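Q: I would like a close look at one salt-bridge partner in this model. Please start from its exposure and then set it in the context of the rest of the structure.

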Amino acid sequence: MTLYFDKTTEAIAHFVGLFAIALEEIRLRDAYEEFKAHQKAQEEPPQLPSVPVTVKAPYELKDFDPRIPYRPAEPEQVEPTPGLYPGLRPPEIPIARPGAEIDTPPVFTRGSSSSSSAGAPEFQIDPPGSVAVYASQQIRLSDNDSVNLGGHGLKFSVQVDNSALMNDLIEAARQISPLGGAEIPGSPEEIATFISTTAEQLEAFTAEQDGQEGTVVAKGETVEGTFVNGEIVEEAPSLDDYLPPPEETPDDKTATSSHASGNFTAGQGKVSIEASVELEAGGNTLINSVELTSNWLQSQVLAVAGDHVELNAIVQINVLSDNDLLSPTLNGWNLDPGKPTEAFNIAMFKHLDPEPSNEEQVGAGGFPTAWAITEIKGDLLIMNWFEQFTLMTDEDTAILASAGTTTSIITGDNTAINNVSLAELGHYYDLIFIGGNVYDANIIQQLNLLLDNDLVGAVEGFGTSGKGSASTDGNLLWNEAGIVEAGGASSVKPMPKSYLDAFGDLASGKKSLPDGVLKDGAFAGMDGLRVLYISGDLINLNYLKQTNILGDSDQIALAMSKLVANSDADWTISTGSNALVNYAGIIDVDAGQTIYTGGTAYSDEILIQAELIRTEPYLGGQDPDALVSEAVAFLGEDMMAPDSGPQPPDHAPPPLDTTNADPMHSMLA
């Protein structure tokens, strides 16, 4: 039987057939991919290559030791060798013709003031540039810790505010300082005014304070020698001899047998624990250090048409308030076994004379017959202005009790260092003309200020049968400064007429030198001269200001534990041993080995050393135990109860605690 379909039915049948075929292909592909995946999973992975590695660990790791001592290296002042240009030879003058032709040049002969002709050799020398360095280094640290340890059930309710006393000490330091907080001069005119004003202020201060108790003044055209707290000495003391000794680290301690010490018993015996409490609340170190060598411009002869002003000044001040109160309960302790608090002002002035003139070489080499002149229109500035400032507060509060364990707490031992070392080595000329004035000044200001009024009191009932020691002293305030001058006031002479004539020629634009200048004994033996002409002023200022301020007034209360009955613990309390150090050294090489001036020559060197020690009774000289009792509050009985286990979370905000605690810095072992 033959079936006939219309076109619509045939199209539908074709579609159904194609759909069935496509569906079957999808099923086959899915089964095939799953089959290949299973086949791949059954394959064994290849073996990994084996490479032998040798591990070496020759160093044994030790426990953490927070007491890594820092002892700054004692600064060494490097002095130039005698002579104005240490260690270097003057550079040769570059010329366009062979050196033999200089002996008989077509122009610039002695006795001639004519200008150069077309056949004259052309000399090319570069003029120096001004240099100005401004640097300010500041460190500010607040490390006021609060420690509550030992299960005593107490807390400090009130802390003593030392800000008013600190402000009084700062104001007292300002009163005895001849120089206030100077603004940084920003132009050559302001720098020249600053030098002149500073000289006037120092003159007025020395006239007023000379002979006053606590202030020492040395003044003169030149000051020579080393001064320690106002006394001239042959050799300055060494900083290394007065710094607090480094604390003993575990590696430095002598090894002892554990059996002999009784801390270890073989077998099933118990390990005995030495009950002790150790607190280090001081031991801070503040250091400012500057070493400056100024040798930017040099010459055999410096001729100044105007005035020559030279000033070297060192001002050193130590201010100290170290009035401590110790509880009478500690009378059986070893009190203050270390060094007493000491303050040093050390200053050194040294002058290196220029080399003798070359007159003995006249017969051998004669005088120069050629010269090259370069000109600076305006002023030449050499400026170094450094300020170093460190302000640290380490006023700790602690209530301590022995809980029968070995306890070591460090809340101090901070270190702050500012350091600058700079050498300026510049240009050399044979002859320098200054159309204006010369201002040359080296000024050093140093101030150390320490407030270390400690309170160590005991709560009623405190007592111990163990060893005890308390040290609240051993601080060091150290100012050390030195100015080494090569050349200076001793080489200033009146202006010869030949140099005055040379100034007239240079001011009118003539590049010539009179015969009298060429025959100066300083130029004997030279073939040619390198000459620099500055139409304005030459200004050279080196200003160093260093300040250390430390507040380390600690409040310590000693109590008995309510949790563990322990009265045989050993106690070690240290709240002093701070070191405040300022060191500054300037080596200044004058611009001329021989200096001629057509105006006034002013030279002054001034040393001011002052020491202020506040001895007023701390808090009215009250009983430290009474002060502790007023500042300590007993906690409620519920705060000393045993822990009742975990409590449901409390979503209320925590109470505001105004105590400046620093648990991350305090180290408890």
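Is Lys497 buried or exposed, and what is its relative accessible area?

A: Lys497 is exposed, with a relative accessible area of 59%. This is a reading of a predicted model, so the figure is a computed one. The threshold that matters here is 50%: a residue over that value counts as exposed.

The partner of Lys497 is Asp501, with which it forms a salt bridge whose closest N and O atoms are 3.2 Å apart. Asp501 has 33% relative accessibility and therefore counts as partly exposed. The two residues belong to helix α6, which covers residues 497–507, and because they are four residues apart, about one helical turn separates them. The general rule is that an α-helix has 3.6 residues a turn, so residues three or four places apart point the same way.

The Lys497 pair can be set against the other salt bridges. A search of the whole structure finds five. One of them joins the side chains of Asp604 and Lys219, at 3.4 Å from N to O. This pair links distant parts of the chain, with Asp604 in strand β29 (residues 601–614) and Lys219 in strand β4 (residues 215–220), 385 residues apart. Asp604 is buried at 2% relative accessibility, whereas Lys219 is partly exposed, its relative accessible area being 41%. Asp604 and Lys219 also belong to a network of salt bridges that takes in Glu203. Another of the five is formed by the side chains of Lys519 and Asp515, at 3.3 Å from N to O. Here Lys519 is partly exposed with a relative accessible area of 44%, and Asp515 is partly exposed with 23%.

Away from the salt bridges, one part of the fold is an open sheet of five strands in the order β2-β15-β25-β19-β10, with parallel pairing. β2 (146–149) and β10 (325–326) are the edge strands; each has a single partner strand, so one side of each lacks a neighbour in the sheet. β10 pairs with β19 (residues 455–458) in the parallel sense over two bridges, and Leu325 has Leu455 of β19 as its bridge partner. Helix α8 (residues 624–631) packs on this sheet, where it touches β10, β19 and β25 (555–558), and its direction makes about 80° with that of β19. In α8 the buried residues are Pro624, Asp625, Leu627, Val628 and Ala631. Seen down the helix axis they fall within an arc of 160°, so they line one face of α8.

For a residue at the other end of the exposure scale from Lys497, take Leu580, in strand β27 (residues 579–589). Leu580 counts as buried at 0% relative accessibility. Its contacts, leaving aside neighbours within four places in sequence, include Leu286, Asn448, Leu449, Leu476, Trp478 and Leu550. The C-alpha atoms of Leu580 and Trp478 are separated by 6.1 Å, although the two residues are 102 residues apart along the chain.

Confidence varies along the chain. The average pLDDT of the protein is 79, and 75% of the residues score at least 70. Over residues 80–120 the pLDDT stays under 50, and the model has 69 contacts beyond four places in sequence for this stretch. Residues 253–262 are also below 50, with five contacts in the model beyond near neighbours in sequence. Where pLDDT is low, the predicted coordinates should not be read in detail.

Terms used. Residues are numbered from 1 along each chain as its sequence is written. Side-chain values use heavy atoms; hydrogens and water are left out. Two strands pair if DSSP finds at least two bridges between them. Contact means heavy atoms within 4.5 Å. Axes are lines fitted to C-alpha atoms, for helices over the stretch in contact, and angles run from 0 to 180 degrees between N-to-C directions. pLDDT is the predictor's confidence in each residue, from 0 to 100. Buried means under 20% relative accessible area, exposed over 50%, partly exposed in between (1.4 Å probe, protein chains only). The arc is that of the directions from the helix axis to the C-beta atoms. A salt bridge is a side-chain nitrogen of Lys or Arg within 4 Å of a carboxyl oxygen of Asp or Glu.
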